[in-house]
Amino acid sequence: MAALKKADLSSISKTELADVVARYKARDKKSREKAKRATEQFTSDLVVVGSGAAMGYLMGRQVVEGTKKGDLEKATQLVGVDYDLAIAGAAAAVGLTGMAGGMSDFLRNVGIGGLTAYAGRRAFFATIESMEEKDANRFPSGTYAPWGGQGMPKAPGA
């Protein structure tokens with residue numbers, strides 16, 4: 001419908017006016033639904049990223065407990081499984097199976113974020129170790145991994 005001038009409003013029928021109002025209501029409803037979906041997706045993404053960061057923080061705190069390889073593995077593992085893998089795997093499993101009811105999506109996101117952090121950490125250190133095998137003098141992992149050389153790296157200025 002073309003734009004109406006004030007003078008034309010007196011000639012518009014109730015049916016035409018109802019059609020215009022219905023179109024605007026439908027457009028408003030669609031816009032609100034789109035904004036709600038975007039907000040839900042953003043919140044979901046924040047949970048994934050936040051849980052990955054939390055798992056990294058947890059593992060970092062555990063590393064402080066030991067600087068030797070044997071001590072480090074004891075500090076970061078539960079019955080031979082890394083804490084982040086165990087926690088994230090359990091959360092993902094519960095979330096994926098729907099066992100948590102309304103919280104299943106949240107737990108799934110926590111699990112996926114944690115598993116992503118775990119996979120990234122493992123890939124990072126596997127790459128460092130493979131580079132060390134090629135040229136031990138060029139790429140010392142002591143800079144990156146506390147068990148790869150002289151123990152925990154010193155903080156700058158320490």
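## Close-up views of a predicted helical model

**Figure 1. Helix 2 and helix 5 pack at an angle of about 50°, with their axes 7 Å apart.** As in every view here, the model is predicted. Helix 2 and helix 5 (residues 104–134) are oblique to each other, and the crossing between them is right-handed. On the helix 2 side, the contact is built from Ser44, Val47, Val48, Ser51, Gly52, Met55 and Met59. Helix 5 answers with Phe106, Asn109, Val110, Gly113, Gly114, Ala117 and Arg121. Sorted by class, the residues of this contact come to 7 nonpolar, 6 polar and 1 charged.

**Figure 2. The whole protein, for orientation, has 5 helices and 2 strands.** Following the chain along its sequence, you will meet the pattern α-α-α-β-β-α-α. The protein has 158 residues, of which 22% count as buried. Of the contacts between residues at least 6 apart in sequence, 42% bring together residues at least 24 apart.

**Figure 3. Helix 2 on its own runs from residue 14 to residue 63.** From first C-alpha to last, the 50 residues of helix 2 reach 73 Å, close to the 74 Å expected at 1.5 Å a residue. Take a moment to look for its buried positions: Val20, Ser44, Val47, Ser51, Gly52, Met55, Met59, Gln62 and Val63. Several of these turn up again in the contact with helix 5, including Ser44, Val47 and Ser51.

**Figure 4. Helix 2 also packs with helix 4 (residues 83–97), and their axes come within 9 Å.** The axes cross at roughly 150°, so helix 2 and helix 4 are roughly antiparallel to each other. Their crossing is right-handed. Met55, Leu58, Met59 and Gln62 form the helix 2 side of the contact, and Tyr83, Asp84, Ile87 and Ala88 form the helix 4 side. Counted by class, this contact holds 6 nonpolar, 1 polar and 1 charged residues. Met55 and Met59 are worth finding here, as both also take part in the contact of helix 2 with helix 5.

**Figure 5. Helix 4 and helix 5 pack at about 145°, and their axes lie 7 Å apart.** Here the crossing is left-handed. From helix 4, the contact draws on Asp84, Leu85, Ala88, Gly89, Ala91, Ala92, Val94, Gly95 and Leu96. Their partners in helix 5 are Ser104, Leu107, Arg108, Val110, Gly111, Ile112, Gly114, Leu115, Tyr118 and Arg121. The class count for this contact is 11 nonpolar, 5 polar and 3 charged residues. Asp84 and Ala88 of helix 4 appear in the contact with helix 2 as well.

**Figure 6. Helix 5 is shown here with its buried residues and the elements they pack against.** The end C-alpha atoms of helix 5 are 45 Å apart, in agreement with the 45 Å that its 31 residues should span at 1.5 Å a residue. Buried along helix 5 are Ser104, Asn109, Val110, Gly111, Gly113, Gly114, Tyr118, Phe125 and Ile128. What do these residues pack against? Their neighbours are helix 2, strand 2 and helix 4.

**Figure 7. Aspartate 82, in strand 2 (residues 81–82), is the centre of this view.** With a relative accessible area of 7%, aspartate 82 falls under the 20% cut-off and is therefore buried. Beyond residues up to four places away in sequence, aspartate 82 touches Met59, Thr76, Gln77, Tyr118, Arg121 and Arg122. Tyrosine 118 sits 36 residues along the chain from aspartate 82, yet their C-alpha atoms are separated by 8.6 Å.

**Figure 8. Glutamine 62 of helix 2 is seen here with its contacts.** Is glutamine 62 buried or exposed? Its relative accessibility is 18%, so glutamine 62 counts as buried. Leaving aside residues up to four places away in sequence, glutamine 62 touches Ala75, Thr76 and Tyr83. Thr76 is also among the residues that aspartate 82 touches.

**Figure 9. Valine 79 lies in the loop between strand 1 (77–78) and strand 2.** What is notable about the backbone here is that phi of valine 79 is near 50°, a positive value in a residue other than glycine. Valine 79 has 80% relative accessibility and so counts as exposed, whereas aspartate 82 of strand 2 is buried.

Technical notes: Residues are numbered from 1 along each chain as its sequence is written. This is a predicted model: local features need pLDDT of at least 70, side-chain atom pairs count only at pLDDT 80 or more; totals for chains, interfaces and linings use all residues. Side-chain values use heavy atoms; hydrogens and water are left out. Axes are lines fitted to C-alpha atoms, for helices over the stretch in contact, and angles run from 0 to 180 degrees between N-to-C directions. Helices (H or I, at least four residues) and strands (E, at least two) are DSSP runs, numbered from the N terminus. Angles under 35 degrees count as roughly parallel, over 145 as roughly antiparallel, 65 to 115 as roughly perpendicular and the rest as oblique. A crossing is left-handed if the near helix is turned anticlockwise from the far one by less than a right angle, and right-handed if clockwise. Contact means heavy atoms within 4.5 Å. Ala, Val, Leu, Ile, Met, Phe, Trp, Tyr, Cys and Pro count as nonpolar, Asp, Glu, Lys and Arg as charged, and the others, Gly among them, as polar. The expected span of a helix is 1.5 Å times one less than its number of residues. Buried means under 20% relative accessible area, exposed over 50%, partly exposed in between (1.4 Å probe, protein chains only).
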